[in-house]
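Visitor: I am new to this structure and would like a close look at a single part of it. Please take the sheet, strand by strand, and then say what lies around it.

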Amino acid sequence: MYIEVKNVSKNFKQHGQTFKALSDVSLNIGKGEFLCLLGPSGCGKTTLLNAIAGFDKISSGIIKIDGQEVIGPSARNTTLFQNYGLLPWRTVQSNVELGLESQKLTKSERREISDKYINLVGLDAFKKNHPHQLSGGMQQRVAIARALAVNPEILFMDEPFGALDVITRANMQDEIIRIWQEFKKTIIFVTHDIEEAVYLADRVVIMAPNPGRIKAVVTVNLGRGRDREGEDFFSIRDNILDIFEMKSHDAIEYFV
Amino acid sequence: MKRTLSGAVGLVALLTIWQLAALKYNSVLFPGPYEVIKSWLDLFNDGSMTQHVKTSMVRFAIGYIVAAISGIVLGMFFGWFKKVWNFFNPVIQILRPISPIAWIPFIVLWFGIGDIPAVVIIFLASFYPVLLSTTAAVGRVDKIYLKVAQNFALTRFETLTKIVLPASFPQISTGLHQAIGTGWVFLVAGEMIGSQSGLGFLIIDSRNNLRPDWLLAAILTIGIIGLLLDELIKWIEKQIYIKWGATEKHEG
């Protein structure tokens, strides 16, 4: 397996109490897979993502990527954040070039690469703009271009579209699918939106809180170019709702 | 536009009151604006005013720039290594409230007279605001920028120069702004000790020559240059805020 998560636990100490953010989580992820981590707040989905990305140390267990144990963040993988993490003092172009600057590239090579990815996300006209002059959706496009520019093997996405309006979010979902298909990256995508997970993922990992653990893994057997209103789309969504035990008992919100 | 007009009205009112008040007193004790402006032009025409201003500006620039650079560099260091800062913080807090003037005897003892005492005093007055604002700013850099730095495998040095410094620069510029004000205020004190030139010297010289008109000409020049320096740094600050996209901060 490309990514192996074996018996991983992660404890936080808060106000003298130990809090189990992850408890004995095991998961295998294939190369080129689009995997969604889905669950309510506090279920440890972001903790798991940060652990695989190498930002957070785990308390026990082991995580391997391509046979190598994860001990810290690697330049071979990139993370996209919900609030984009763009550098406000840099233009779009030089934001995209950030990750390229530590590589042995000439200025014109950097320019060429950044031009290519800015074009890919459709922001040619905004190269010289600063992030605050762009809408949220456009800012996340810049972040995507910046992440792709360093040609990572894995893209970690932590609720990347959480701050966007519904229509922009749907567009961005299509865009990320298009990019995923074109570049064949492995994507691990954290979300609390069931429909987003069903629309995007090859497999949906359903997590539950207290302690954070994997409750079920649902394979989404739908082709690409999925119909958000289709019969089989709804049946998978209902299946996930069932797993969350949220159907029909009460009509509570399913994203917390 | 309206603000400029109000300002102009205020100035004219001040000049009028000053002129009226001056009529009542002996001009040796209290010269009016007409005499002062005439004396200023005399000083300007014989080249001495330009010379004094130039000398003062050079001293000020050296003291201020050295303070700004060392304040930013040390502040970045202290902000980054919080534990080191915990050792130095009390020392700095004791040194900071001491007026640079209090150090004058030592400054003369160690640096003699001439250009250096003035530069040292301006340095002392400008250094602490820059140091403290930088230390605070670096400590408050948004964690997401540091994550981005890790994400793209930036080295420590790259993280400091490419991420931490620009991320904290809007706040550092507030310290630089404050420092330009206090630095300029202490220029006069610095030039009163053993200098033979500069606006501070002009004040002492006017006193020794019993020329209150020169004295006021020097005072006005100091005030106007202070105003211009403040406007200049405000403008620079505004450009930084515009570029950084932090529009919520307005200087009042």
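The sheet of chain A

Guide: In this predicted model, four strands of chain A form an open sheet in the order 2-1-4-5, and the pairing is antiparallel. The edge strands are strand 2 (17–29) and strand 5 of chain A, each of which pairs on one side only.

Begin with strand 1 and strand 2 of chain A, which run antiparallel and are joined by nine bridges. One residue pair shows the register: Lys10(A) has Leu22(A), in strand 2 of chain A, as its bridge partner. Helix 1 (residues 45–53) of chain A packs on the sheet, where it touches strand 1, strand 2 and strand 4 of chain A. The direction of helix 1 makes about 120° with that of strand 1 of chain A.

Strand 1 (residues 3–14) of chain A is also joined to strand 4 (residues 60–65) of chain A, here by five bridges, and these two run antiparallel. Within this pairing, Lys64(A) in strand 4 of chain A stands opposite Glu4(A).

Strand 4 of chain A is joined in turn to strand 5 (residues 68–69) of chain A by two bridges, again with the strands running antiparallel. Ile65(A) has Gln68(A) in strand 5 of chain A as its bridge partner. Strand 4 and strand 5 of chain A form a hairpin, with two residues between them. Asp66(A), in the turn of that hairpin, has a positive phi of about 55°.

As for how such pairing works, strands of a sheet pair through backbone hydrogen bonds, either parallel or antiparallel.

Now return to the helix that packs on the sheet. Nine of the nine residues of helix 1 of chain A are buried, so this helix is largely enclosed by the rest of the structure. Among the buried residues are Leu48(A), Leu49(A), Ala51(A), Ile52(A) and Ala53(A), but Lys45(A), Thr46(A), Thr47(A) and Asn50(A) are buried too. Gly54(A) follows helix 1 of chain A and has a positive phi, near 90°.

Beyond the sheet there is the contact with chain B, which takes 18 residues from chain A and 14 residues from chain B. The side of chain A that touches chain B has 10 nonpolar and eight polar residues, and no charged residues.

Chain B has 10 helices and zero strands. Of the 252 residues in chain B, 34% are buried. The C-alpha atoms of chain B fill a box of roughly 70 × 50 × 30 Å along the principal axes. Among contacts in chain B with a separation of 6 or more, 73% are between residues 24 or more positions apart.

One helix of chain B can serve as an example. Helix 10 (residues 212–244) of chain B has 33 residues, which at 1.5 Å a residue should span 48 Å; the end C-alpha atoms are 48 Å apart, so the two values agree. Its buried residues include Asp213(B), Trp214(B), Leu215(B), Ile222(B) and Trp244(B). Helix 2 (33–45), helix 8 (156–191) and helix 9 (199–208) of chain B are included in what covers the buried residues of helix 10. Just after helix 10 of chain B, Gly245(B) takes a positive phi of about 75°.

How values were computed: Residues numbered from 1 in each chain as written. Chains lettered and ligands numbered in written order. Predicted model: local features only at pLDDT ≥ 70, side-chain atom pairs only at ≥ 80, totals over all residues. Expected span 1.5 Å × (residues − 1). Buried ≥ 20, exposed ≤ 12 C-beta atoms within 10 Å, placed from the backbone. Contact = placed C-beta atoms within 7 Å. Nonpolar A, V, L, I, M, F, W, Y, C, P; charged D, E, K, R; others polar. Pairing = 2+ DSSP bridges. Axes fitted to C-alpha atoms, helices over the stretch in contact; angles between N-to-C directions.
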